[in-house]
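Student: I have a structure open on my screen and would like to talk through its packing and charge pairs. Could you help me read it?

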Amino acid sequence: MKRILIPILIFLLPVLAVAQPGSKTHWTPEGDGYYSTNGDQITLYDLKTQSESVFIGADKLKPAGRDALKVRDFSISEDQSKVLIYTNSKRVWRYDTRGDYWLLDLNSGNLDQLGKSLPESSLMFAKISPDGSMAAYVSEHNVYVEDLATHQISKLTDSKGLPKLINGTFDWAYEEEFSCLDGFRWSPDSKKIAYWQIDANNIRDFLMINTTDSIYAYTIPVEYPKVGETPAAARLGVVDVQSGNTKWMSVPGDDRQNYIPRMEWAGNSEQLILQQLNRKQNQSKLMYADVASGNVSSFYEEADDAWVSIRSSWESGNGWHWLKGGKDFLWITEKDGWRHIYAVNRDGSKETLVTKGDFDVIEPLMVDEKGGYVYYTASPDNATEQYLYRSRINGKGSAERITPMDQAGTHSYQISPDGKFALHSFSNYFTRPMREWVQLPSHKPADPEKSIAADYNPEGGKDSNVEFFQVTTEDGVTMDGYMAYPENFDPSKKYPVLFYVYSEPAGATVKNRWGAGRNGLYNGDMAKDGYFYISMDNRGTPAPKGRAWRKSIYRKIGIVNIRDQAMGAKKLLETHAFLDPERVAVHGWSGGGSATLNLMFQYPEIYKTGISVAAVANQLTYDNIYQERYMGIPQENREDFVNGSPITYAKNLEGNLLYIHGTGDDNVHYQNAEMLIDELIKHGKQFSVMPYPNRSHGIYEGEGTRAHLNTLFTNYLRTHCPPGGK
């Protein structure tokens, strides 16, 4: 589950791994330039000459009798003759993946809308076929193909009128937990389309209630598999574009007790490659499917005592990258204790460790097969930072750092297809986000006058109030953290402290990047008002510290993470006399909201004030993919879910608690708030609650919402954890 980290993300560039329209660089075929849009036109930037020109002007994007299209995203056909324009986008769950598509023929200038006979803004993931003759897309849970010459539309799948039979895209759980959005793939020869079919008809609807938009309240059903509920069935089909006939792949095992999170054509038009996870997600199998017969065979397996991570993926959005014309592929696994890249031959009989060393690959970025290198981000020496590295594909030699040594912090890259250029982004706790184009592997700026080195001040940290630290608890656990000091700090005084927590496997908070030490929910300046602001990353967070660190939380969410946080806070209070133990507050959102509740309830002697937002108060209410991955199946170990849930300890509340939740939260349901409220009432506990009507998990919809939330947060903190040194 990607439970959002609101207070940090407000200050940062996007950091989530999930792709959505508009999130990737559109490279030229040669890799020495890129296309971009500001919504009105599409421009071409030449990296060799550092010059920009109009590629498609607004006049070319104006349909007859209509205003010019507002470009949300676009793609260019392989032969560079057609441009697919995505516009009029609508949100589906978290991402705006549904809208209208228009096709611009660069030779004739014709601009035609795709799917004219289909409902407005209903098309998803439109893609031009490799041969440029057709486009395929999803509309209302079915896959369609359209001839680009005649604009004849053919429906390739049939949802049979069942609202939860989903072809070519995914249900809520697959999208949220596996980052699966686009659910179909063109074959290289343009004759077939492989697609997922999700049968969620057995999944019950969770009913959210809208009481404000009409006089009579009405329900909003969300197909949502709670933990312990049997998952939706998933299967793979390959449809012949001409005949419309689908051949189903005979993937072994019960399709309701296994997941298929990854699938792609296996370097040709005769085979698919897919990954199957068992329901507990602790066994992974890679399989080939013969598209003619439907026969499926396993060739590479992996198991883990906790869970098999599928977090990292290649630029294709899948789990592998093909080499040698399909003879080998690159694969990421943690089986030796670190997240590493391996080169595996096609039948799985031989593998070579590519990224050697006791460190984690954070994200694979690009494969320069001609040059013999794979590029990726890592940080072997400091888990709070991120740098560009490369290793030889043949496994020889050691990892080579590409990022300059004098730019400590967090670096990200979008690398050109030929590996010669990259868009380099950088920030640290005292440096706002900066960007430049660099040449690889030298990392020299493409334009020296627009380089990061020209503007970056490595001494800027001397003026910052943020300090990174490590703390070792009485349990022998060493955690990374940051501490933002108040202005005019006087060590002879005692100051209030606010801890920011997340603590679960979906996210880490302590990263050396812009935003560290800043709180996006506080109206004003916490440092000027006299607060310490601290965050720490406990065991179980996805820091690049190896498998053992990340997976020590298995079946212990709500226990291990909470103990680490509390003992870290305890140690800081013991060793820093200027932290006032009577003014200790904690806050978090989503998974961090859950941690806030658990800390308030399990360690009331430490935490005096808590502000919890959108929390999972009862782990038995959350979705099956997330909870079962990290906690097991409740029919087998229900006690772990109970022992880790804040509601179990609500009777211990002693301090000041403000609980906040959107009633329209389709992710962490508002029922968590009411279950918790009921339990606190039963035990006679006084507390404060703020429901936000019809707001989702991010609590941002509606006029004045975020201003109201920030004011609420700030006033509660100032009232119950007064600012200033004493």
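Student: Is arginine 94 buried, partly exposed or exposed, and what is its relative accessible area?

Tutor: Happy to help, and please keep in mind that this is a predicted model. Buried means under 20% relative accessible area and exposed means over 50%, with partly exposed in between. Arginine 94 therefore counts as partly exposed, its relative accessible area being 22%.

Student: Which residue does arginine 94 meet in a salt bridge?

Tutor: The pair links distant parts of the chain, with arginine 94 in the loop between β6 (82-92) and β7 (95-105) and its partner in helix α2, 82 residues apart. The partner counts as buried because its relative accessibility is 4%. The N to O distance is 3.1 Å, and the residue is glutamate 176.

Student: Where does the partner of glutamate 636 lie, and which residue is it?

Tutor: Glutamate 636 belongs to helix α9 (residues 634-644), and its partner sits 356 residues away in the loop between β21 and β22. Glutamate 636 is exposed at a relative accessible area of 52%, whereas the partner is partly exposed at 25%. The closest N and O atoms of the salt bridge are 2.6 Å apart, and the partner is lysine 280.

Student: Why does the salt bridge between aspartate 304 and arginine 547 tie together separate parts of the chain, and how many residues apart are they?

Tutor: Aspartate 304 counts as buried at 12% relative accessibility, while arginine 547 is partly exposed at 22%. In this salt bridge the closest N and O atoms are 2.8 Å apart. Since aspartate 304 is in the loop between β23 (296-303) and β24 (320-323) and arginine 547 is in helix α5 (residues 547-551), the distance along the sequence is 243 residues.

Student: Which residues are linked with Asp304 and Arg547 in a network of salt bridges?

Tutor: The structure holds 31 salt bridges. One network of them contains Asp304 and Arg547, and the residues linked with this pair are Glu334, Arg339, Asp360, Arg550 and Lys551.

Student: How many residues does the largest nonpolar core have?

Tutor: Elements that give two or more residues to this core include α2 (172-178), β15 (192-199), β21 (271-278) and α8 (624-631). Tyr174, Phe178, Ile198, Met249, Leu272 and Leu274 have the most contacts inside the core, whose size is 51 residues.

Student: Which residues of α8 are buried?

Tutor: The buried residues of α8 pack against α2, β20 and α9. Eight of the eight residues are buried, so α8 is largely enclosed by the rest of the structure. One contact to look at is with phenylalanine 178, which touches Ile625 and Arg629 among others. The buried residues are Asn624, Ile625, Tyr626, Gln627, Glu628, Arg629, Tyr630 and Met631.

Student: Which element supplies the largest share of the lining of the second largest pocket?

Tutor: The second largest pocket has a volume of about 510 Å³. Of its 23 lining residues, the closest to the centre are Val92, Trp93, His141, Ile166 and Phe170. At least two residues of the lining come from each of β7, β9 (123-128), α2 and β17 (218-223). The largest share is three residues, and they come from β17.

Student: How many residues of that lining are nonpolar, polar and charged?

Tutor: Counting proline as nonpolar and glycine as polar, the lining of the second largest pocket can be sorted into three classes. The result is twelve nonpolar, four polar and seven charged.

Key. Residues numbered from 1 in each chain as written. Predicted model: local features only at pLDDT ≥ 70, side-chain atom pairs only at ≥ 80, totals over all residues. Heavy atoms only, no water. Core = buried A, V, L, I, M, F, W, Y, C linked by side-chain atoms within 4.5 Å. Buried < 20%, exposed > 50% of the residue type's maximum accessible area, 1.4 Å probe, protein only. Helix = DSSP H or I, 4+ residues; strand = E, 2+ residues; numbered from the N terminus. Contact = heavy atoms within 4.5 Å. Salt bridge = Lys/Arg side-chain N within 4 Å of Asp/Glu carboxyl O. 1 Å grid on protein atoms, 1.4 Å probe; cavity = no way out; pocket = protein on both sides within 12 Å on 5 of 7 lines; lining within 4 Å. Points joined across faces, edges and corners; volume = space filled by probe spheres on them. Lists of a residue's contacts leave out its neighbours within four places in sequence.
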